[in-house]
Amino acid sequence: MAEKPQPVRVVYCGVCGLPAEYCEFGPDFAKCKDDKEVEKAAEKLQAVGIGGGAGGDVSGGASTSKQEEVKRLPGGKIKKKEKQEVVIEKIVRNKRKCVTVVKGLDLFGVKLSDASKKLGKKFATGASVVKGPTEKEQIDVQGDISYDIVEFITDTWPDVPESAIFFIEDGRKVAAA
């Protein structure tokens with residue numbers, strides 16, 4: 001008769017609640033490495049040869065400063081810090097109709113629903129908040145308003161500097177200033 005395999009005992013971190021070999025991907029890695037139980041589990045895993053990269057990082061302190069500089073999401077993905085810039089793009093549809101798309105106002109703390117109302121009133125046109133192709137919200141304004149929008153944005157929202165506003169022309173990003 002075959003032997004019944006024994007279940008593997010997993011040591012969970014008392015700080016973040018993740019298994020010991022995954023502590024480096026958790027939100028409190030600096031606190032986790034101080035946890036003695038996790039450190040023992042990491043040494044045990046390293047001795048057996050399991051979890052080489054993660055186990056070494058839990059007990060060692062060489063890559064700690066690098067971990068604190070970069071924001072990590074669950075699963076180990078690195079979160080990039082978004083550049084604070086407003087991008088204005090004119091999209092031509094049919095023959096003479098166009099839509100002006102304003103992206104990035106929310107990065108300056110502007111509420112997009114209020115901004116779309118103000119843009120619609122100022123330029124006497126339809127404006128709405130929609131999700132763009134990258135699943136981020138943007139403002140679609142009917143018509144070509146690129147001639148006066150930079151001045152309107154800088155006057156209405158003083159937190160948005162003119163140097164942070166860009167146009168997309170012929171597939172290239174061009175500074176508005």
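This report describes aromatic pairs, a strand hairpin and one buried threonine in a predicted model.

## Basis of the description

The model is predicted, so local features are given only at pLDDT of at least 70 and side-chain atom pairs only at pLDDT 80 or more, while totals for chains, interfaces and linings use all residues. Residues are numbered from 1 along each chain as its sequence is written, and side-chain values use heavy atoms, with hydrogens and water left out.

## The aromatic cluster

A search of the whole structure gives 3 aromatic pairs, where rings of Phe, Tyr and Trp (its six-membered ring) pair if their centres lie within 6.5 Å, and planes under 30 degrees apart count as stacked, over 60 as edge-to-face and the rest as tilted. One of these pairs is formed by Phe123 and Phe152, which meet edge-to-face with 5.8 Å from centre to centre and 70° between the planes. Because Phe123 belongs to helix H5 (residues 112–123) and Phe152 to helix H6 (residues 149–156), this pair ties together parts that are 29 residues apart in sequence; helices here are DSSP runs (H or I, at least four residues) and strands are runs of E (at least two), numbered from the N terminus.

Phe152 also pairs with Trp157, and since the ring centres are 6.0 Å apart and the planes stand at 85°, this pair is edge-to-face. Phe123, Tyr147, Phe152 and Trp157 together form one aromatic cluster. Phe152 is buried at a relative accessible area of 13%, and Trp157 is buried at 12%, where buried means under 20% relative accessible area, exposed over 50% and partly exposed in between (1.4 Å probe, protein chains only). Phe123 is buried as well.

## The hairpin of E5 and E6

Strand E5 (residues 165–169) and strand E6 (residues 172–175) run antiparallel and are joined by 4 bridges, strands being paired if DSSP finds at least two bridges between them. The two strands form a hairpin with 2 residues between them, and Asp170 in the turn has a positive phi of about 55°. Within this hairpin, Phe166 stands opposite Ala175 in E6.

## A buried threonine

Thr100 lies in strand E2 (residues 97–103) and is buried, with a relative accessible area of 0%. Its side chain reaches the backbone nitrogen of Ile145 at 3.4 Å. Leaving aside residues up to four places away in sequence, Thr100 touches several residues, including Ile88, Lys90, Ile139, Val141 and Ile145, where contact means heavy atoms within 4.5 Å.

Technical notes:
A polar contact is a pair of N or O atoms within 3.5 Å; within protein, one must be able to donate a hydrogen and the other to accept it, and residues adjacent in sequence count only if both atoms are side-chain atoms.
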